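Visitor: I have a model open on my screen and would like to learn how to read it. Could you take me through it, feature by feature?

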Amino acid sequence: QVRLVESGGGSVQAGGSLRLSCATSGSTGSIYRMAWFRQSAGKKREGVASIYTNGGRTLYAGSAMNRFAISEDNDKNTLYLQMNSLEPEDTAVYYCAADSGVVSYVDVLSENGYRYWGQGTQVTVSS
């Protein structure tokens, strides 16, 4: 089992920055991929960014490209999402996810590709 706990959410004005953290515990040695997802009110949960723990290869959704950066600190067992140039459209609950298996490319930023989930942290961006 893997436990994920997000933190770092909050309220910020448009153009500001936030850094989300996801502390992992349990069978962390089995984790192969991690990702950040988000869900806005009335919308489906969508993938934002992913990272392979072996080698650090990353993948970003178009909305996150050039603004967000996913990274990990293996010594601290923590995943990060640095979010810059935030926009009101980024307002959502952000979730950390992890999985130990191999999936097809199309599932790397899909909910189907992740078994373990955190409880989420709210990010609110005001104009």
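Guide: Gladly; we will go through the disulfide, the strands, the cores, the pocket and a few loop residues. Please keep in mind that this is a predicted model.

Visitor: Let me start with something familiar at the bench. How many disulfides does a search of the whole structure find?

Guide: The search finds one disulfide. C22 and C96 form it, with sulfur atoms 2.1 Å apart. That counts as a disulfide because the cut-off is a pair of cysteine sulfur atoms within 2.5 Å.

Visitor: Which parts of the chain does the pair link?

Guide: Distant ones: C22 belongs to strand β3 (residues 18–26) and C96 to strand β9 (residues 92–99), 74 residues apart. The link of C22 and C96 is left-handed, with -75° about the S-S bond.

Visitor: Are C22 and C96 buried or exposed?

Guide: C22 is buried, and C96 is buried too.

Visitor: Now the strands. In which sense do β3 and β8 pair?

Guide: The pairing of β3 and β8 is antiparallel, over six bridges. To find it on screen, look at L20, whose bridge partner in β8 is L81. Strand β8 (residues 78–83) also runs antiparallel to strand β7 (residues 68–73), again with six bridges. There, D73 has T78 of β8 as its bridge partner.

Visitor: How well covered is strand β8?

Guide: Mostly covered: of the six residues in β8, five are buried.

Visitor: How do I read the two faces of a strand?

Guide: The general idea is that side chains in a regular strand alternate between the two faces of the sheet. Here, β11 shows such a pattern: T121, V123 and V125 point to one face and are buried. Q122, T124 and S126 point to the other face and are not buried.

Visitor: Which strands pair with β11, and in which sense?

Guide: Strand β2 (residues 10–13) runs parallel to β11, joined by four bridges. In that pairing, V12 stands opposite V125. β9 pairs with β11 in the antiparallel sense over three bridges, and the bridge partner of Y94 in β11 is T121.

Visitor: What should I look for in a nonpolar core?

Guide: In soluble globular proteins, nonpolar side chains tend to be buried together. In this model, the largest nonpolar core has 26 residues, and M34, W36, L81, M83 and Y94 are those with the most contacts inside it. The elements giving two or more residues to this core include β1 (2–7), β4 (33–39) and β5 (46–52). The largest share, four residues, comes from β9. Another core, of eight residues, lies apart from the largest one; A35, F37, L59 and Y114 are among its members.

Visitor: And pockets? How much space lies in the largest pocket?

Guide: About 160 Å³. Its lining includes T24, T28, G29, I31 and M34, along with E72, D73, N77 and T78. Two elements, β7 and β8, give two or more residues to that lining. By residue type, the lining divides into three nonpolar, seven polar and two charged residues.

Visitor: Where is T28, one of the lining residues?

Guide: T28 sits in the loop between β3 and β4. With a relative accessible area of 23%, T28 is partly exposed, because buried requires under 20% and exposed over 50%.

Visitor: Backbone angles next, please. Why would a positive phi catch my eye?

Guide: Most residues other than glycine have a negative phi. N77 has a positive one, near 50°. N77 lies in the hairpin of β7 and β8, which has four residues between the strands. At 33% relative accessibility, N77 is partly exposed.

Visitor: Which other residue has a phi near 50°?

Guide: S85 does, and that is again a positive value in a residue other than glycine. S85 is found in the loop between β8 and β9, and a relative accessibility of 43% makes S85 partly exposed. P88 is in the loop between β8 and β9 too, and P88 is partly exposed at 33%.

Visitor: Last one: how do I compare distance along the chain with distance in space?

Guide: Give both for a pair of residues. T28 and Y114 are 86 residues apart in sequence, with 14 Å between their C-alpha atoms. P88 and S110 are 22 residues apart along the chain, and their C-alpha atoms are separated by 23 Å.

Technical notes: Residues are numbered from 1 along each chain as its sequence is written. This is a predicted model: local features need pLDDT of at least 70, side-chain atom pairs count only at pLDDT 80 or more; totals for chains, interfaces and linings use all residues. Side-chain values use heavy atoms; hydrogens and water are left out. Buried means under 20% relative accessible area, exposed over 50%, partly exposed in between (1.4 Å probe, protein chains only). Two strands pair if DSSP finds at least two bridges between them. On a 1 Å grid over the protein atoms alone, a cavity is a set of points where a 1.4 Å probe fits but cannot get out, and a pocket is an open set with protein on both sides within 12 Å along at least five of seven lines; lining residues have an atom within 4 Å of a point. Grid points are joined across faces, edges and corners, and a volume is the space filled by probe spheres set on the points. Ala, Val, Leu, Ile, Met, Phe, Trp, Tyr, Cys and Pro count as nonpolar, Asp, Glu, Lys and Arg as charged, and the others, Gly among them, as polar. A nonpolar core is a set of buried Ala, Val, Leu, Ile, Met, Phe, Trp, Tyr and Cys residues joined through side-chain atoms within 4.5 Å.
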